[in-house]
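Got a few minutes to look at how strands line up? Here is a short tour to read with the model open.

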Amino acid sequence: MNEKELDSLIKLLDDPDAEVFRHVEQKLITMGPEVITRLESVWEQSFDVVLQTRIENLIHKIQFEDVLQELELWKVSGSFDLLQGLIIINKYQYPDMDEQKIINQIEAIKRDAWLEMIYSMSAVEKVRLLNNIIYNAYGFSGNTSNYHDPQNSYIGQVLESRRGNPILLACVYSIVAQKLDIPIYGVNLPKHFILAYTEDHAPVENKHGVLFYINAFNRGQIFGRHDVIAFLKQLNLSPSDNFVLPCSNLDIIMRVLRNLVTSYSQAGNAAKTEEINRMLAVLE
């Protein structure tokens, strides 16, 4: 379809016939993100409020469908790259974000930690180094004043504001650690996401390989298995492997999305709650 034909199709979006509108909208959605630039151009040139509103809604639908496809591809490809999963979620709220900027911000933290690393460091010494870089040098901290803010779950916003919820701070921490070949992985503890420092680099298969745990929300505090067990007892839960051993990247991304469902539900945003649930359904 050439540009003239595309423009003619876009202008039919203000057709008063609902059936015509639905047909045109669906046709444009199937054409994907490639039509967004042209849609934006028509929006800028239009003085028709109905057409502008329909274009805005259509662009969002196209971008959302693209996010769903990326999320599904990330899952079927093995969900190996946790940062990429977080970037896809970030695209939902910030479709025009600079993906490379997020990658560069993570690389900068990794580089600063690497410059101070000594090969002979013990596990605890490595954690103290990471804590110094992440919390002192970069100023990351838990967003205790606005804990349920959806922005705490978007990696781009967390890297900009240096504030986040337990799982996003843990993600930043573990991604940086793994880039430095330090075996720190997420643990899907109920009510509070934490990290585990493992003995090797196959944490899910290793049933007894956790050296200690790390609380990324509390400036990298180190604690032991007995503390996790005590916390689970307070919740009247048994210490199953799901709660004490590292989880998969897929589990982490699903928990980030569940946090967003809670945040948007509490804010009374039914539309976003429904869309995030659709993202979750792609991964389940």
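What follows is about strand β4 and its neighbours.

This is a predicted model, where local features need pLDDT of at least 70, side-chain atom pairs count only at pLDDT 80 or more, and totals for chains, interfaces and linings use all residues. Residues are numbered from 1 along each chain as its sequence is written, and side-chain values use heavy atoms, with hydrogens and water left out.

Strands here are DSSP runs of E, at least two residues long, numbered from the N terminus. Two of them pair if DSSP finds at least two bridges between them. Here's who β4 pairs with:

| Strand | Partner | Sense | Bridges |
|---|---|---|---|
| β4 (residues 194-198) | β3 (residues 184-187) | antiparallel | 4 bridges |
| β4 | β5 (residues 210-215) | antiparallel | 4 bridges |

Now zoom in on the β3 side: Gly-186 has Leu-195 as its bridge partner, and Val-187 stands opposite Ile-194. The hairpin of β3 and β4 has 6 residues between the strands, and Lys-191 there takes a positive phi near 70 degrees. Over on the β5 side, Tyr-197 stands opposite Phe-212.

Is β4 buried or exposed? Buried (under 20% relative accessible area with a 1.4 Å probe, protein chains only) fits 5 of its 5 residues. Ile-194, Ala-196 and Thr-198 cover one face, while Leu-195 and Tyr-197 sit on the other.

How values were computed. Buried means under 20% relative accessible area, exposed over 50%, partly exposed in between (1.4 Å probe, protein chains only).
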